[in-house]
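Trainee: Could we go through this one together, step by step? I'd like to ask as we go.

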Amino acid sequence: MLSPFLPASRATGCPASPPAAARTDAPPPEGLACSLTVPGEPYSGRIARSTVTAALRAHRMDRFVPVAEQITGELVAAACHLNPGQELYLSARYRDDALRLIVYDGHASHEHPRLAAACEARRRSALRLLAVVVRECGGDWGFGDSREPGGGTRTWVTLPRKGAHAYWTPQRG
């Protein structure tokens, strides 16, 4: 049916978009910007790991895959454990020659100092393996209050390219 508000000549279908140029090369690592929201459930670790792996491989960053899969799994598992059943937000970016992985969960800081200290100790304990892997890669990690609306906790990891690549390189002897 023709629109009574547009002239008959303009009441045709939307014009087709021009065809996109086919890219045969991979996007540069600096273009890696991937984020997703997953439920705070045990199966979400697999979803998060496979998403990060696919994004890294699409950017030809395959040498990051083993360590990124492990770190992503640890981040999501800890967030699920500390904030079960609530949504988690995962972000993966590559900037300044380092892979940055961040998980936001809704577990807000406690106002009472003892509760806050106990909760911090629980989170550090849940992330012991992550801490060892990040240290071996020469990276950095931490957690604190989320700056996102709604609050919660932001847990982050920075893995420098050189350290992440060396961590998974087989030793020859």
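Trainee: How much area does the protein chain expose, and what share of it do carbon and sulfur atoms supply?

Mentor: The areas here come from the Shrake-Rupley method with a 1.4 Å probe, and for residues only the protein chains shown count as cover. This is a predicted model, where local features need pLDDT of at least 70, side-chain atom pairs count only at pLDDT 80 or more, and totals for chains, interfaces and linings use all residues. Residues are numbered from 1 along each chain as its sequence is written, and side-chain values use heavy atoms, with hydrogens and water left out. The protein chain exposes about 10800 Å², and the carbon and sulfur share is 54%.

Trainee: What percentage of the residues of the protein chain count as buried?

Mentor: Buried means under 20% relative accessible area, with exposed over 50% and partly exposed in between (1.4 Å probe, protein chains only). Of the 173 residues in the protein chain, the buried part is 36%.

Trainee: In what order do the elements of the protein chain run?

Mentor: Helices (H or I, at least four residues) and strands (E, at least two) are DSSP runs, numbered from the N terminus. The protein chain has five of each. Starting at the N terminus, the order is β-α-α-β-β-α-α-β-β-α.

Trainee: Is α1 roughly parallel or antiparallel to α2?

Mentor: Helix α1 (residues 44-58) packs with helix α2 (residues 65-82) at an angle of about 150°, their axes 9 Å apart. Axes are lines fitted to C-alpha atoms, for helices over the stretch in contact, and angles run from 0 to 180 degrees between N-to-C directions. Under 35 degrees counts as roughly parallel, over 145 as roughly antiparallel, 65 to 115 as roughly perpendicular and the rest as oblique. So α1 and α2 are roughly antiparallel.

Trainee: Which residues of helix α4 are buried?

Mentor: Helix α4 covers residues 128-136. Its buried residues pack against α2, β4 (140-145), β5 (153-160) and α5 (161-167). They are L130, A131, V133 and V134.

Trainee: Why does L130 count as buried?

Mentor: L130 sits in helix α4. It counts as buried because its relative accessibility is 0%.

Trainee: Which residues is L130 in contact with, leaving aside its neighbours within four places in sequence?

Mentor: Contact means heavy atoms within 4.5 Å. With those neighbours within four places set aside, the partners of L130 are I71, E74, L75, W141 and V157.
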